[in-house]
Amino acid sequence: MWAEMKKMKWHEIEKECASKKVVIYGLGLGIRQFLEKYGNSITVETIIDNDVTKQGKRAGDLLPEAFQTKCGNIYIHSAEVLSKYEPKETIILVASSKRYAEIMQDLEKEKFSQIYVISLLEDFVQENKEAENVLQKQHEFAQKCLCTPIVPNKILFSSFANYADHEKYISEALIQLRPDFYIVWLVNDLDVELPAGVHKVLRSNWKKVLYEAETSKIWVTDTAVPDFFLKRSEQVYIQTKHWASITLKKFYLDAEATFQSEPEKMALWKRESEIIDYIIVGSEFDQESCKRGFGVDGKFIMAGSPRTDGMFREQQNRKSVYAYYGLGDEVRVLIYAPTYRFSKEAGKGIHQSREIEFGYRQIKAALEKRFGGDWMIALRLHPSVCDAVKDMELPDFVFDVSSYEDSEELVSAFDITVSDYSSIMFEPAVIKKPVFLYATDLNDYIVNEYELLIDYKELPFDIAENTKQLCENIISFDRCKYEKRLDDFLLKYGIREDGHASERVAEFISKLI
């Protein structure tokens, strides 16, 4: 069977496709190669994939090669759909490059005989090897999109997470203020829940992403936009950054010493500095650090921190988060949220999780001694290293919350936050929740990771370098003294959050359209 197939030439099969019903099985490399050349010329009856998360979705929403082709509106089905097809009248093109043997055996049991594995058709594969590289295709498609008019009320949102950060709160405020806006969100997973009426676009579907970007009036994001985006003069780019109204560390162009071995990162942010129109900030300190970090001296939206609005929904967040993790109302929770470290072997382009020397049992005992009640500990690793939790052995009172989308909901719902150098420390502080710092490698961090914008010892939080000190800080916690330190610190840096920053940004955006 395999020997015969290797002798087959694609042009021989192509002729038969004109008189038979064509079914594609699998969403592997083979279907991308097929759609690249024949997406509009060969009629495909249906597409099958065994991944249930892809079934029921349109090919054009999943694959860039299917977008804007005749196959784009075909929904993905399970193999059960084959019961509707007569084997003698059907050609099945297997697009899987790994499981094709198993798939073919299953198809033969159902009496299908005209089955071809795209990756084994030598002339077809060879022909597609000569196609342009993806980056070239992206630039060419972007140029084509420039001929399409901008939709005046369309806004494109993208955040580091699926659906979280400043963008989440801004878009929800916009939905309330201007339901006539056409809001598009770039997501990593089409099954993520978004508010009604928000249009999801899979981030990996670069062609659809480009189309939405080039036809949107406004871009709102906390990451750098892809370099294949072509910004038109009438488009507005609002950069939110992914921290609140104050950050601890130098970043981007202001962190050149950190990234001196990675000039491509500096080039990326220099490009950003040329196309950003506005940056959302929440204090003079925030504005000055953004001037240096983004390399801009232009326009700022002094609105506060939209993501910090989530901190002011404490009861609502506690109810939803506790229900999500099945926690009893009486349970109290400390969330431990350390940031990543750079890889000393692979370089600063690679993030890794350091070994966590966190004395969970001692810390639980200290919490119950100082505050009473039954305590649990939630562990939240940085999104770039969250998979590291799989290799950790955790006590039964510790649970992983690293995959939860919205960190603001977590720190709002839980009682105490412990971090090291993450700027998440400042968000529970604005509503006077206790924050403790656990920095076992402070000197090493400053030398080998990031320079700090604020002297670490001037932060209003108790600092511990080991578990014993952390337990002592918890047991000796004085709320009155803590709140006084917070008030002085927030006043010094001009932080004035009130839970309405996203509304102010929504009003600003509304006036742009």
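How many helices and strands does the secondary structure of the protein come to?

**Figure 1. The whole protein, seen as a predicted model.** Welcome to the overview, a good place to get your bearings before the close-ups. The secondary structure comes to 19 helices and 20 strands. Measuring along the principal axes, the C-alpha trace spans about 80 × 55 × 45 Å. The protein has 513 residues, and buried residues make up 55% of them. Its accessible surface comes to about 23,300 Å², and carbon and sulfur atoms hold 48% of that surface. Looking at contacts with a separation of 6 or more, 68% are between residues 24 or more positions apart.

**Figure 2. The largest cavity and its lining.** Here we step inside the protein. Two cavities of 30 Å³ or more are counted, and the largest holds about 50 Å³ of space. Rolling a probe the size of a water molecule over the atoms shows where empty space is left. Which residues line the largest cavity? They are Ala244, Ser245 and Ile246, together with Thr308, Phe426, Val430, Leu490, Ile495 and Glu497. Sorted by class, this lining has six nonpolar residues, two polar ones and one charged one.

**Figure 3. Helix α10 and what covers it.** Follow the helix from residue 263 to residue 275. With 13 residues at 1.5 Å a residue, α10 should span 18 Å, and its end C-alpha atoms are 19 Å apart, so the expected and modelled spans agree. Its buried residues are Met266, Trp269, Glu272 and Ile275. Among the elements that cover these buried residues are β10 (236–239) and α11 (284–294).

**Figure 4. Tyr252, in the loop between β10 and α10.** This view stays with the same helix and looks at the loop that links β10 to α10, where Tyr252 is found. Is Tyr252 buried or exposed? Its relative accessible area is 12%, under the 20% cut-off, so Tyr252 is buried. Its backbone is worth a look as well: Tyr252 is a residue other than glycine, yet its phi is positive, near 50 degrees.

**Figure 5. Gln68, another residue with a positive phi.** Gln68 is not a glycine, but its phi is about 65 degrees. You can find Gln68 in the loop between α4 (59–62) and β3 (76–77). Its relative accessibility is 47%, so Gln68 counts as partly exposed.

**Figure 6. Leu27 and its contacts.** Leu27 lies in the loop between β1 (21–25) and α3 (29–38). Why does Leu27 count as buried? Buried means under 20% relative accessible area, and Leu27 counts as buried because its value is 11%. Setting aside neighbours within four places in sequence, Leu27 is in contact with Ile47, Asp49, Lys54, Leu62, Leu63 and Ile76. The view also takes in Ala95: Leu27 and Ala95 are 68 residues apart in sequence, while their C-alpha atoms are 6.2 Å apart in space.

**Figure 7. Ser97, with Gln176 as a distant partner for scale.** To finish, find the loop between β4 (90–94) and α5 (100–109), where Ser97 is located. Ser97 has 41% relative accessibility and therefore counts as partly exposed. How many ångströms separate the C-alpha atoms of Ser97 and Gln176? The separation is 47 Å, for two residues that are 79 residues apart along the chain.

Notes: Residues are numbered from 1 along each chain as its sequence is written. This is a predicted model: local features need pLDDT of at least 70, side-chain atom pairs count only at pLDDT 80 or more; totals for chains, interfaces and linings use all residues. Side-chain values use heavy atoms; hydrogens and water are left out. On a 1 Å grid over the protein atoms alone, a cavity is a set of points where a 1.4 Å probe fits but cannot get out, and a pocket is an open set with protein on both sides within 12 Å along at least five of seven lines; lining residues have an atom within 4 Å of a point. Grid points are joined across faces, edges and corners, and a volume is the space filled by probe spheres set on the points. Ala, Val, Leu, Ile, Met, Phe, Trp, Tyr, Cys and Pro count as nonpolar, Asp, Glu, Lys and Arg as charged, and the others, Gly among them, as polar. Helices (H or I, at least four residues) and strands (E, at least two) are DSSP runs, numbered from the N terminus. Buried means under 20% relative accessible area, exposed over 50%, partly exposed in between (1.4 Å probe, protein chains only). Contact means heavy atoms within 4.5 Å. Accessible areas come from the Shrake-Rupley method with a 1.4 Å probe; for residues, only the protein chains shown count as cover. The expected span of a helix is 1.5 Å times one less than its number of residues.
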